[in-house]
Amino acid sequence: MNTDPIPPPKEYAIPEDFHQNIRTRFLNFFRYTVGDKARNSVIMLMGAFKINKHDEDQQYRVEQESNFHYLFGVDFLNCYAIIDVDNGKSVVFVPQYDSNYKMWNVVLNNDEIKQKYKLDEVLYNDDIESWLNNRQPSLIYYFYGIDDYSHHSLPIPEQPFLQNYDSDYDELYYILTECRVRKTPQEQDIMRYICKISSEAHELVIKNIRKGNKEYQMEALYQYHTFINHGCRFTPYECICASGTNGSVLHYEENSKTIKERELILNDMGGKFYGYCSDITVTFPSDGRFTQKQAIIYNAVLDTQRQVHNSLKVGVNWGDMQLLAERTITKHLFNAGLIKGSMEDLIKNNICRLFFTHGLGHMLGLRTHDVGGYNKGTPPKLPELSQLQFRRDLDVGMIFTNEPGIYFIDFILQEAYKDPNKSKYLNRERIEEFMHVGGVRLEDDILLTANGPEILNDVPRTIKQVEACWRGEDWRQIND
């Protein structure tokens, strides 16, 4: 008999009024923003639809569209929803399946759906036309806009009878995405939870992975912990488990290499619970001790992350934080002898960006790269900061990542060596000594509060803490 059974999972309990509170907050903002135009109007959204897997009799795993989940929590596919702006009532329309479908899949009746998701009404998709005919709204608002990160747009409902009503395709996108930028206290608690258990998984990997392991074993161990102990069945993005020079590939996903001795390991992995995402990156040595060159780069990134963190407060512009990170990394690269010239010239010519090749961070929430970065009325994207995923002034309730990095990317450096305007600032011989480092990235998930920034994750950061964690010691007792 097994005397050590797997314990029950510890799942976070979502408050019953979670989505009701979200809808109330959203509608208040919507009415305030739109004004009298909102009277006698309705808001219509379309959820995610099933996608067939090639020509098979299977479908791809499709997650619910994030705005649909945000407002209603309904995880069924092929659904629509309407919110009556006047009275705030929500109606979700679901597919009507025949008995053969019910034999193969779990199907709730409409009353069960209404009770489960605390909705005002649940009808079938075929009832949309008659519902609108009875309601006769003066205007229907649709969610339509180009996403800041993907540059894609969501499809909108296209039933022919919708042409009988006046439509607005402009207001809802800005208002709903802006509402999602600042997380409610209930959302913040979910984010604290998913960051906590994701941190536990990162720590488990550091303590158990050694040279000779495969990179994919780190991914498997991470997902095992978050799933079996906390119900996180899926991850928000493909796990990045990079050893050695693979750490210089920003979105490395192969995870197939055998880990060698004296290599740095860069693990960028997040958990996902109830749609909410964490995004945490740690870097540690495969044999538990940083080499001198690894330590130089690691401490440069750590100092940069701390410099940014110590500057975070309400009203600070994120673009200024990007520039702060670049100045700090430039200083460290110069002190390490990797680049040369005056600091003024190095910064003016963006030499740092040959090594720090991405933006400092991004919004985080129901998406890894959450919405609202360049929303209407916010500071626009600048050509000289094109890699930055938002330039907003920071505000209470925002959750975002702080993730500086230094990478030795061969093809970027080879091109720079050919450019006389860049090569004169590069110490090629010294750089070649560091190529084996690959990359170092440290990523924290930050909630901005009225009292300052709160780091939601809890992972070892200093070199002494990382090495102690690798040895299985209590790294939290080390303050340095």
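This report covers one open sheet and a set of salt bridges in a predicted model.

## The three-stranded sheet

The sheet is open and has 3 strands in the order 7-8-11. Pairing is antiparallel. Strand 7 (240-243) and strand 11 (280-285) stand at the edges. Each has a single partner strand, so one side of each lacks a neighbour in the sheet. On average, neighbouring strands are turned by 10° against each other, direction ignored.

Strand 8 (residues 264-269) runs antiparallel to strand 11, and 6 bridges join the two. In this pairing, Leu264 stands opposite Pro285 of strand 11.

## Salt bridges across the sequence

The count comes to 27 salt bridges. One of them pairs Asp147 with Arg367, with the closest N and O atoms 2.7 Å apart. Asp147 sits in the loop between strand 5 (139-142) and strand 6 (167-168), and Arg367 in the loop between helix 11 (343-348) and strand 12 (399-402), so the pair ties together parts 220 residues apart in sequence. Asp147 is buried, at 10% relative accessible area. Arg367 is partly exposed, at 24%.

Asp370 and Lys183 also form a salt bridge, at 3.0 Å from N to O. Asp370 lies in the loop between helix 11 and strand 12; Lys183 lies in the loop between helix 6 (171-181) and helix 7 (185-208). This pair therefore links parts 187 residues apart in sequence. Both residues, Asp370 and Lys183, are buried.

## A further pair and a network

Glu263 meets Lys257 in a salt bridge, 2.7 Å from N to O. Glu263 is buried, with a relative accessible area of 12%.

Salt bridges also link Glu178, Arg182, Arg392 and Asp395 in a network.

Methods:
Residues numbered from 1 in each chain as written. Predicted model: local features only at pLDDT ≥ 70, side-chain atom pairs only at ≥ 80, totals over all residues. Heavy atoms only, no water. Pairing = 2+ DSSP bridges. Helix = DSSP H or I, 4+ residues; strand = E, 2+ residues; numbered from the N terminus. Axes fitted to C-alpha atoms, helices over the stretch in contact; angles between N-to-C directions. Salt bridge = Lys/Arg side-chain N within 4 Å of Asp/Glu carboxyl O. Buried < 20%, exposed > 50% of the residue type's maximum accessible area, 1.4 Å probe, protein only.
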